Amino acid sequence: MLPRRRLGRHGPEVSALGLGTVKIGRNQGIKYPQGFDLPDDRQVLTLLDCARELGINVLDTAPAYGSSEERLGRLLHDRERWVLVSKAGEDFSAGQSHFDFSAAGLRASVERSLRRLRTDRLDVLLLHSDGNDLKLLAEGALATLVRLREEGKVVAVGVSSKTVDGALACLAQADVMMLSYRPDHLVEAPVLSACQEQGIGVLIKKALSSGHLGGDPARQAQEQLRFIWDHPATSCIVVGTLNPQHLRSNAAAFSAPAGEAS
Ligand SMILES: NC(=O)c1ccc[n+]([C@@H]2O[C@H](COP(=O)([O-])OP(=O)(O)OC[C@H]3O[C@@H](n4cnc5c(N)ncnc54)[C@H](OP(=O)(O)O)[C@@H]3O)[C@@H](O)[C@H]2O)c1
């Protein structure tokens, strides 16, 4: 079974590995090395079964991931066993991203996410930053999410950030941050350390360089996952995959001795 850590000071216990769900809902305008077809419902159900079996309890989705939220809402029959992470601020339609960080836009987005996911609360809601983290903060976008938390629509809030300065500035209001950190991307390490000091949960995105893995991909994936998990600030590493074999191999990184890819 995968190890678990608490997601921030007051959050739930989360599995070392989480399942990122971009690829179940969107195959346009993305940065993976190869194109792919969206999986059918049977394939998504198989992937979710595999995640359950491995002890994964985090699902990461977003309105920007096309039909991901709607499909999860329709196919998950055990919502209460999962820590559901979604986002607001970016939407994807007609092959393009659209951004709206106004209070009304964020509220409407959360209502849509709740309907699509068929739930009455989001466990984590993150601002889906467009790269202007400091501007979003100054315009009160994170403050809107804090109000939604106070109203009980979401349990924990934070930002999927893109800049170090912006992320650091968000920490005063955040329960959870989604950050990038891996051997070839250490620039956000100070943010991880600050999160650890302040009891803020850390979800890691793009841990496997969005699939741009060289040499022996399975081995490199395991090495990167172990490196990231070695940082005590890491609560959960959200990896996107459509392939149950990749999911199993990635999970094995948390038990296999270093250097033994399976
Ligand atoms: N908030 C944001 O701004 C943001 C941005 C990006 C991502 N995210 C979240 O973070 C998640 C992960 O990010 P990501 O999907 O960009 O990148 P990632 O997790 O670094 O990489 C995913 C890619 O790696 C491949 N892969 C996974 N395991 C593998 C293995 N063992 N061997 C070889 N290839 C493997 C997957 O292909 P297969 O399907 O073939 O396994 C997929 O194409 C997303 O799903 C999303 O939930 C958030």
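Begin by selecting the side chain of Asp 60 together with the ligand: in this predicted model, an N or O atom of that side chain is 2.3 Å from an oxygen atom of the ligand. If you then expand the selection to the residues around the ligand, you will find 29 of them, and the closest are Tyr 32, Asp 60, Ser 160, Thr 241 and His 246.

Keep the ligand displayed and turn on the backbone atoms of Lys 206 and Ser 209. A backbone N or O atom of Ser 209 lies 3.3 Å from an oxygen atom of the ligand, and for Lys 206 a backbone N or O atom lies 3.5 Å from an oxygen atom of the ligand.

Next, select helix 9, which covers residues 217-229, and helix 10, which covers residues 244-252; their axes come within 8 Å and cross at roughly 45 degrees. An angle over 145 degrees would count as roughly antiparallel and one under 35 degrees as roughly parallel, while 65 to 115 degrees would be roughly perpendicular, and helix 9 and helix 10 are therefore oblique to each other. The crossing of helix 9 past helix 10 is right-handed. To see where they touch, show Ala 218, Ala 221, Gln 222 and Leu 225 on helix 9, which meet Ser 249, Asn 250 and Ala 252 on helix 10. Coloured by class, this contact of helix 9 with helix 10 shows 4 nonpolar and 3 polar residues, with no charged ones.

Now move to helix 4, residues 103-117, and helix 6, residues 141-150, whose axes come within 9 Å and cross at roughly 45 degrees. Helix 4 and helix 6 are therefore oblique to each other, and their crossing is right-handed. On the helix 4 side, select Ala 103, Leu 106, Arg 107 and Val 110, and on the helix 6 side Ala 141, Thr 144, Leu 145, Arg 147 and Leu 148, since these residues make the contact. The contact of helix 4 with helix 6 divides into 6 nonpolar residues, 1 polar residue and 2 charged residues.

Finally, keep helix 4 in view and add helix 3, residues 68-75; the axes of helix 3 and helix 4 come within 7 Å and cross at roughly 40 degrees. Here Glu 69, Glu 70, Leu 72 and Gly 73 of helix 3 meet Ser 113, Arg 116 and Leu 117 of helix 4, and by class the contact of helix 3 with helix 4 has 3 charged, 2 polar and 2 nonpolar residues.

Key: Residues numbered from 1 in each chain as written. Predicted model: local features only at pLDDT ≥ 70, side-chain atom pairs only at ≥ 80, totals over all residues. Heavy atoms only, no water. Axes fitted to C-alpha atoms, helices over the stretch in contact; angles between N-to-C directions. Helix = DSSP H or I, 4+ residues; strand = E, 2+ residues; numbered from the N terminus. Left-handed = near helix turned anticlockwise from the far one by under 90°. Contact = heavy atoms within 4.5 Å. Nonpolar A, V, L, I, M, F, W, Y, C, P; charged D, E, K, R; others polar. Near = heavy atom within 4 Å. Polar contact = N/O pair within 3.5 Å; in protein donor to acceptor, adjacent residues only side chain to side chain.
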